[in-house]
Amino acid sequence: MDWLFVAFVLLTVVVEAFNSRDLGTGFDLSVVVYPLYPLVGYSAARFTVRHRTDAVVLLRWFALPVVPSGLAAVAQHVSDRLGRVVLNIAPSPNLEALVAKDDSVRATAFVGNWIGAGMYFSAALAAVCCVVVGTPKTRRIGVSVWVAGVSSIVGAVATATISVFVMTVFILGTTVIVGRGRALRFVGSAGSVAAVVAFVVTRRAVESRVEQQTALPYSDEAAETVEATTGTTWRLPSTLAYRVDVWTEQTLPAIGSRPWTGWGAGVLESPARPAMLIWGSAESEWFAVALWFGLPMAAFFVVVLGAIGVFLWRSRSSVSAPVMAMFVAGLISAFIVPAFHNEGLPVAFWALLGVVVSLHASRPAGAEGRTRATVVRSDL
């Protein structure tokens, strides 16, 4: 799995270098730098965790920074002034466009993108759930973990992103199944408080998103007006019907016109951008990789994720179950959103995966391990 991931990163660099020369666009250095962030998160967790005690401590501290992010997400819904403060810290052109149109707000928190923020909140929730399941029954879970759980759920709802809702439900449901009574009490209390806060703060945004998904397509007269204005009969943005339009009218034709090496990772900002690509996103993880690097690399990407899935299944345990649930939900979400290539999830997901790998490779700490850990802590 490690070698497949590294090979995928190296091959994307090779393909990007070829595309830059073939299309005359110049090499995009971000293609090299960006994949290093997930790799660093993954490696840091692998080198840190030696046994289950290390994993629980790391995951506990990993989850705590979600609290200020959750507060930022709530602030964006509560007050325009507070929302502007958050945008000054982490700009989001898409959210600024919604605010300018007086549309319902979708929280971007400190990530700058509502999908990325939602995936980060989901990853933090998975870490919280791992702590809940992995903490011995003789020890208290702690108020800080409970607050992080509430913040994660509220933040996920505040993004008003359907795929994030699904991922959150997956994680919570899996935690209750593997953790049973104690996990049920934790999820019940944290979920109840989060539901009340989310209902009060984000109800308008969530209702708006649900109405969008259930809205009927344009009438013939409205479609003619839209086509005359935009050159296309696309449906309402952020709906499945709209994504189908983007796929059939843009993404798939662009992939078909250059199937072997794609158009490069920066195609949407490139002077070589095909005329058919009007919208600023492929609206699918799988189609995006094929658009950037070609169909062979898209197939290799599926192999890499398949290897991760096989490993998670073989190393399955109660502690790793929330991470597996997040991964499965991510695979489903990747059909319509960039679940593994965005600002929020990659580093967090790969860090959690590194914890799972380390737990699988290690054994429970015995007396010698506990003594060594005590010596290290005393030295610190």
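**Exercise 1. Charges over rings**

Task: In this predicted model, identify which rings R258 and R316 sit over, and give the distance for each.

Solution. Start with R258: its charged end sits over the ring of W263, 5.8 Å from the ring centre. The cut-off for the distance is 6 Å, and 5.8 Å is the value for R258 and W263. Then take R316, whose charged end lies over the ring of W313 at 4.0 Å from the centre.

**Exercise 2. Aromatic pairs**

Task: State how many aromatic pairs the structure holds, then classify the pair Y120 and F121 and the pair F349 and W350.

Solution. Step one is the count: there are eleven aromatic pairs. Step two concerns Y120 and F121, whose ring centres are 5.9 Å apart with the planes at 50°, so this pair is tilted. Both of these residues, Y120 and F121, are buried. Step three turns to F349 and W350: the centres are 5.9 Å apart and the angle between the planes is 75°, making the pair edge-to-face. F349 and W350 are both buried. Finally, F349 and W350 belong to one aromatic cluster together with F5, Y42 and F327.

**Exercise 3. Helix α8**

Task: Check the span of helix α8 against its number of residues, decide whether α8 is enclosed or not, and find which residue caps its N-terminal end.

Solution. Helix α8 covers residues 114–134, which is 21 residues. The expected span uses 1.5 Å times one less than the number of residues, so 30 Å is expected for α8, and the C-alpha atoms at its ends are indeed 30 Å apart. For the surroundings, 21 of the 21 residues of α8 are buried, so the helix is largely enclosed by the rest of the structure. The cap at the N-terminal end is N113, with a side-chain oxygen 2.9 Å from the backbone nitrogen of I115.

**Exercise 4. Cysteines C129 and C130**

Task: Explain why C129 and C130 are not bonded to each other.

Solution. A disulfide is a covalent bond between the sulfur atoms of two cysteines. The cut-off for the sulfur pair is 2.5 Å. The cysteine sulfur closest to that of C129 is in C130, at 7.3 Å, which is too far for a bond. Starting from C130 gives the matching result: the closest cysteine sulfur is in C129, at 7.3 Å, again too far. The structure as a whole holds zero disulfides. On accessibility, C129 is buried at 1% and C130 is buried at 2%.

**Exercise 5. The surroundings of H77**

Task: Locate H77, decide whether it is buried or exposed, and list its contacts beyond the chain neighbourhood.

Solution. H77 is part of helix α5, residues 66–78. Its relative accessibility is 17%; the limit for buried is under 20%, so H77 counts as buried. With neighbours within four places in sequence left aside, H77 contacts V105, A107, A158, V201, T202 and A205. For A158 there is also a polar contact: its backbone oxygen lies 2.8 Å from a polar atom of the H77 side chain.

**Exercise 6. The chain and A307**

Task: Describe the protein chain by its secondary structure, burial and contacts, then use A307 as an example.

Solution. The chain has 17 helices and zero strands. Of its 380 residues, 49% count as buried. Among contacts with a separation of 6 or more, 74% come from residues 24 or more positions apart. A307, in helix α14 (residues 295–314), has its C-alpha atom 9.4 Å from that of D2, although 305 residues separate them along the chain. Not counting residues up to four places away in sequence, A307 touches M1 and L4.

Note on methods: Residues numbered from 1 in each chain as written. Predicted model: local features only at pLDDT ≥ 70, side-chain atom pairs only at ≥ 80, totals over all residues. Heavy atoms only, no water. Helix = DSSP H or I, 4+ residues; strand = E, 2+ residues; numbered from the N terminus. Buried < 20%, exposed > 50% of the residue type's maximum accessible area, 1.4 Å probe, protein only. Polar contact = N/O pair within 3.5 Å; in protein donor to acceptor, adjacent residues only side chain to side chain. Contact = heavy atoms within 4.5 Å. Phe/Tyr/Trp six-rings, centres within 6.5 Å; stacked < 30°, edge-to-face > 60°. Lys NZ or Arg CZ within 6 Å of the ring centre and 35° of its normal.
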